[in-house]
Amino acid sequence: MKCKPVQSLQRGLALFEAIAKRREGMTLKELAAVIGCSAPATFHLVGTLVEAGYVQRLDSPARYIVGSKWRQLTESKQQDHFYQVVYEAMRELSKALPHTSVHFSEYIGDSVIVRADAPEDAPGLVREGLNHILPPYASAGSFAHLAFWPEEIRSTYQSRYQFEVYGLNFWGSYDAYASAIQSLRDEGVYFMPNIPDGQLKLALPVFRPGGGIAAALTLHAKASDTQACAHLQQTLKDEALRMGRMITDNLSQ
């Protein structure tokens, strides 16, 4: 007996296939055009995929990207190796640097998102599945990505999140921001400004073998006094640069 295709399932699969092909995500209007349905009908179909965990909805602006369940099912050995290498580096950093937490962020959809962290009160532990969206410009993770993204991605991100709206209050001027970007490119790491006394926040880009930013690590540390803070700053910088090189080297193996 020949089966009769279920139209709603066909449309759901078509939606998921379209979303999976667009890493930056798709709007509801774009998805409705894919299956030739109204926006309300498409909303219910894609909402079912969201509920099942195969699709994730992002806000500001609203877009749909592949969800955590699908990523878990389809991660390749290369991706598994990438996370293993980075998470091991996070464990080592949290053990080697007392009173320091490490945060791992990636560019997913239209946002830089913290995917995992190594908390300061549990050295050696990496917690996954945080999915915390970082503010543009003012966070170390988004800052590291902005410094090393290809021009096409950076321009798209900056047009979506205009500096005057999202970054000016933090940096004071575009020149100050541009100078900091250049410093990160020159030094390989950067200590974010406007942090309370005794605390440090270091931005560390994570590169693939051969170049190209893959993710970012942010190191949050605390010092007891000004003298200890100066020493800690140098220690953080040295350890971060060493670990950054090690990550890239290990990814090539």
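**Exercise 1. Determine what share of the contacts in the protein with a separation of 6 or more comes from residues 24 or more positions apart.**

Solution. A contact is defined as heavy atoms within 4.5 Å. Among the contacts with a separation of 6 or more, residues 24 or more positions apart account for 52%. The model is predicted: local features require pLDDT of at least 70, side-chain atom pairs count only at pLDDT 80 or more, and totals for chains, interfaces and linings use all residues. Residues are numbered from 1 along each chain as its sequence is written, and side-chain values use heavy atoms, with hydrogens and water left out.

**Exercise 2. State where confidence is lowest and where it is highest in the protein.**

Solution. Confidence is expressed as pLDDT, the predictor's confidence in each residue, from 0 to 100. The average for the protein is 89, and 96% of the residues score at least 70. Helices are DSSP runs of H or I with at least four residues, strands are runs of E with at least two, and both are numbered from the N terminus. The lowest confidence falls in helix α4 (residues 68–74), with a mean of 73. The highest falls in helix α10 (residues 174–187), at 97. In total the protein has 11 helices and 8 strands.

**Exercise 3. Establish how many residues of strand β3 are buried, and which strands pair with β3.**

Solution. Buried means under 20% relative accessible area, exposed over 50%, and partly exposed in between (1.4 Å probe, protein chains only). In the protein, 43% of the 253 residues are buried.

Step 1. In β3 (residues 100–108), 9 of the 9 residues are buried, so the strand is largely enclosed by the rest of the structure. Its two faces are both covered: one side carries T100, V102, F104, E106 and I108, the other S101, H103, S105 and Y107.

Step 2. Two strands pair if DSSP finds at least two bridges between them. Strand β8 (residues 213–222) runs antiparallel to β3 and is joined to it by 6 bridges; H103 has T218 as its bridge partner. Strand β4 (residues 111–118) pairs with β3 in the antiparallel sense over 7 bridges, and F104 stands opposite A116.

Step 3. The hairpin of β3 and β4 has 2 residues between the strands, and G109 takes a positive phi near 65°.

**Exercise 4. Decide whether H145 is buried or exposed, and list the residues that H145 touches.**

Solution. H145 belongs to helix α6 (residues 140–148). With a relative accessible area of 2%, H145 is buried. Leaving aside residues up to four places away in sequence, H145 touches S105, E106, Y107, V112, I213, A215 and A216.

**Exercise 5. Describe the pairing of strands β1 and β2.**

Solution. Strand β1 (residues 55–58) and strand β2 (residues 63–66) run antiparallel and are joined by 4 bridges. V55 has V66 in β2 as its bridge partner. The two strands form a hairpin with 4 residues between them, and S60 in the turn has a positive phi of about 55°.

**Exercise 6. Locate A230 and give the separation of its C-alpha atom from that of F191.**

Solution. A230 is placed in helix α11 (residues 226–251). Its relative accessible area of 49% makes A230 partly exposed. A230 and F191 are 39 residues apart along the chain, and their C-alpha atoms are separated by 12 Å.
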